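What follows is a walk through one protein chain, beginning at a single residue and widening out to the elements around it. Please keep the sequence and the structure open side by side while reading.

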Amino acid sequence: MKKLLLAIFAIALPIMMHAQSEGLLVKKNIKARQELSYYAQKGLVPEIDGKIAFKDVIAAPGKSKSDIFRALSQWASLRYEPNTVRGFYTDENFFKNIEYSKVITADKNSGKFVCQGAEELIFSIKTLAKNYTQVYYTLTLTASDGKVDFELRNISYNVDQGESQFVRVVAEDWISDKECLNKKGELRKIPGKFRIRTIDLVTELKAEISAAIMAQ
């Protein structure tokens, strides 16, 4: 038996060494590092007067203010309905709204929407196990001819302390450059995953909004 194991190891070792030399075993690690370096970029989580606020303009060429408002109304009513699972969303495991999620304002004259986000922010899903937090935020959208002004702020999380204990933490104390990046400019392990998923959430929301408007 011992001779058999040694023979198997002798055969496997050159293959493993060749794979490593060719990069087959390290590509995933390099890719992971490259992805993490993107999320660790300074300024990627923007601050205005010391408060984290993601602001952008979503272009809607050829669409009138009324067209955009109608599309946003349909999108927001689905996206911020508690317990919504599917809608315009590209990732069915991306979120699940909780009871505090709702549309606060929908003003046709001003074209303004204010939505209260309250949802699960999922880090990973494995068999019989889901690693997630609850995230809260305010999303303000303002429609005008050919565009939507996007602003997401007032972000906070329920951070797991173990033994079913959670503490509410504001984004400024958790995912900002100052709090989330170490001296080497790398993501800190625990707040880093919150930063990654929050940036992904902003990207997902903007993509959903753009798709909803252009489908109108």
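In this model, which is predicted, a convenient starting point is Thr133, a residue that counts as buried because its relative accessible area is 3%, a value that falls under the 20% cut-off for that class. Thr133 belongs to strand β5, which spans residues 129–144. A polar atom of the Thr133 side chain lies 2.5 Å from the backbone oxygen of Asn158. Leaving aside residues up to four places away in sequence, Thr133 touches Glu119, Glu120, Leu121, Phe123, Tyr157, Asn158, Val159 and Phe194.

Before following one of these neighbors further, it helps to see the chain as a whole. The chain holds five helices and seven strands, and, read from the N terminus, these elements follow one another in the order α-α-β-β-α-β-β-β-β-β-α-α. Of the 216 residues of the chain, 37% count as buried. Among the contacts between residues at least 6 apart in sequence, 54% join residues at least 24 apart.

Glu119, one of the residues that Thr133 touches, leads on to the charged pairs. Side chains of opposite charge can pair when their charged atoms come close. How many salt bridges does a search of the whole structure find? The search finds seven, and in one of them the side chains of Glu119 and Arg79 meet with an N to O distance of 3.1 Å. Glu119 lies in strand β4 (residues 112–126) and Arg79 in helix α3 (residues 65–79), so this pair ties together parts that are 40 residues apart in sequence. Glu119 and Arg79 are both buried. The pairing also extends to a further residue, since Arg79, Glu119 and Glu208 are linked in a network of salt bridges.

A second salt bridge joins Asp177 to Arg195, with the closest N and O atoms 3.0 Å apart. This pair, too, links distant parts of the chain, with Asp177 in helix α4 (residues 177–180) and Arg195 in helix α5 (residues 189–214), 18 residues apart. Is Arg195 buried or exposed? Arg195 counts as buried because its relative accessible area is 0%. Helix α5 also contains a salt bridge within its own length, in which the side chains of Asp200 and Arg197 meet at 3.6 Å, N to O; Asp200 and Arg197 are three residues apart in helix α5, about one turn of the helix. Arg197 has a relative accessibility of 15% and therefore counts as buried.

Helices α3 and α5, which have each appeared above, can now be considered together. Their axes come within 9 Å and cross at roughly 130 degrees, and α3 and α5 are therefore oblique to each other. The reason is that an angle over 145 degrees would count as roughly antiparallel and one from 65 to 115 degrees as roughly perpendicular, while the rest count as oblique. The crossing of α3 and α5 is right-handed. Where they meet, α3 contributes Ile68, Ala71, Leu72, Trp75 and Arg79, while α5 contributes Leu201, Leu205, Glu208, Ile209, Ala212 and Ile213. The list thus includes Arg79 and Glu208, two members of the salt-bridge network that also takes in Glu119. Gln74 also lies in helix α3, and it counts as partly exposed because its relative accessibility is 42%. The C-alpha atoms of Gln74 and Ala212 are separated by 8.4 Å, although these residues are 138 residues apart along the chain.

The remaining stops concern the strands and the backbone. Val167 is found in strand β7 (residues 165–170), and with a relative accessible area of 36% it is partly exposed. The C-alpha atom of Val167 is separated by 8.0 Å from that of Tyr157, ten residues away along the chain, and Tyr157 is among the residues that Thr133 touches.

Most residues other than glycine have a negative phi. Against that background, phi of Asp49 is near 55 degrees, a positive value in a residue other than glycine. Asp49 sits in the loop between β1 (47–48) and β2 (51–59), and at 78% relative accessibility it counts as exposed. Asn154 likewise has a positive phi, near 55 degrees, but its place is in strand β6 (residues 147–162).

How values were computed: Residues numbered from 1 in each chain as written. Predicted model: local features only at pLDDT ≥ 70, side-chain atom pairs only at ≥ 80, totals over all residues. Heavy atoms only, no water. Helix = DSSP H or I, 4+ residues; strand = E, 2+ residues; numbered from the N terminus. Buried < 20%, exposed > 50% of the residue type's maximum accessible area, 1.4 Å probe, protein only. Polar contact = N/O pair within 3.5 Å; in protein donor to acceptor, adjacent residues only side chain to side chain. Contact = heavy atoms within 4.5 Å. Salt bridge = Lys/Arg side-chain N within 4 Å of Asp/Glu carboxyl O. Axes fitted to C-alpha atoms, helices over the stretch in contact; angles between N-to-C directions. Parallel < 35°, antiparallel > 145°, perpendicular 65-115°, else oblique. Left-handed = near helix turned anticlockwise from the far one by under 90°.
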